[in-house]
Structure formats: structure tokens, C-alpha cells
Amino acid sequence: MGIIAWIILGLIAGLIAKKVMPGDGPGGIIVTILLGIAGALLGGFLGSALFGVDAVDGFFEISTWVAAIIGAVILLFLYQLLTGRRSRV
């Protein structure tokens with residue numbers, strides 16, 4: 001996949017992860033994109049390490065999207081743990 005495809009995939013996976021996670025997630029659109037891109041990479045790595053499948057086949061493959069979303073949810077959860085929940089005034 002090209003860099004533009006990774007950014008689009010990361011943005012969408014990050015937005016879905018924010019909707020899946022309870023509460024008000026920290027960070028703006030840039031953090032969402034970065035968490036989504038990193039989540040896609042993490043999901044692909046975990047998919048190949050645990051199940052022996054190539055989870056990052058192509059942009060329109062369902063396994064790519066599932067891996068990206070699961071990876072983004074994991075990273076968003078870890079990000080929330082590390083940054084803590086800040087109250088907004």
C-alpha cells in the first residue's frame with residue numbers, strides 16, 4: 001500500500017477505535033491518525049506473529065481493516081492509560 005492509503009486507513013481505524021473505546025478519548029485528529037497508522041502496523045504484526053497470516057494484504061482486504069482497528073483500539077487503550085484521564089473545564 002502507498003503512504004496515502006496508510007494515512008487514510010490510519011485515520012479511519014483511529015476514528016473507529018475512538019468510537020469503540022468508552023469515554024472521551026484524548027488527543028485530536030493528528031493523534032487519531034498516528035494511533036491508527038501505528039495500530040495498523042501493530043495489528044499486522046500481531047496477526048502474522050500469532051496466527052501466521054499476512055494481515056496487511058491490501059487496502060480493500062477485510063483482514064487489513066480488522067487488524068488496523070484492533071491495533072488502534074489496543075494503542076488507544078494504552079495511550080489512555082499512560083496519559084490518564086484529564087478533566088476538561
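**Notebook: a three-helix chain**

I began with contacts (heavy atoms within 4.5 Å): of those in the chain with a separation of 6 or more, 68% are between residues 24 or more positions apart. A note to self on the source: this is a predicted model, where local features need pLDDT of at least 70 and side-chain atom pairs count only at pLDDT 80 or more, while totals for chains, interfaces and linings use all residues. Residues are numbered from 1 along each chain as its sequence is written, and side-chain values use heavy atoms, with hydrogens and water left out.

Next I looked up the fold. I found three helices and zero strands (DSSP runs numbered from the N terminus, with H or I of at least four residues for helices and E of at least two for strands), in the order α-α-α.

Then I turned to burial. Of the 89 residues, 33% count as buried (under 20% relative accessible area, 1.4 Å probe, protein chains only).

I went on to the largest nonpolar core (buried Ala, Val, Leu, Ile, Met, Phe, Trp, Tyr and Cys joined through side-chain atoms within 4.5 Å). This core has 11 residues, among them Trp-6, Met-21, Leu-35 and Trp-65. Helices H1 (3-20), H2 (29-51) and H3 (62-83) each supply at least two of its residues. Setting aside residues up to four places away in sequence, I see Leu-35 touching Ala-72, Leu-75, Leu-76 and Tyr-79.

Last, I checked Ile-33, which sits in helix H2. Ile-33 counts as buried because its relative accessibility is 18%. Beyond four places in sequence, Ile-33 contacts Ile-7, Gly-10 and Leu-11. Ile-7 is 26 residues from Ile-33 in sequence, with 6.8 Å between their C-alpha atoms.

Conventions. Buried means under 20% relative accessible area, exposed over 50%, partly exposed in between (1.4 Å probe, protein chains only).
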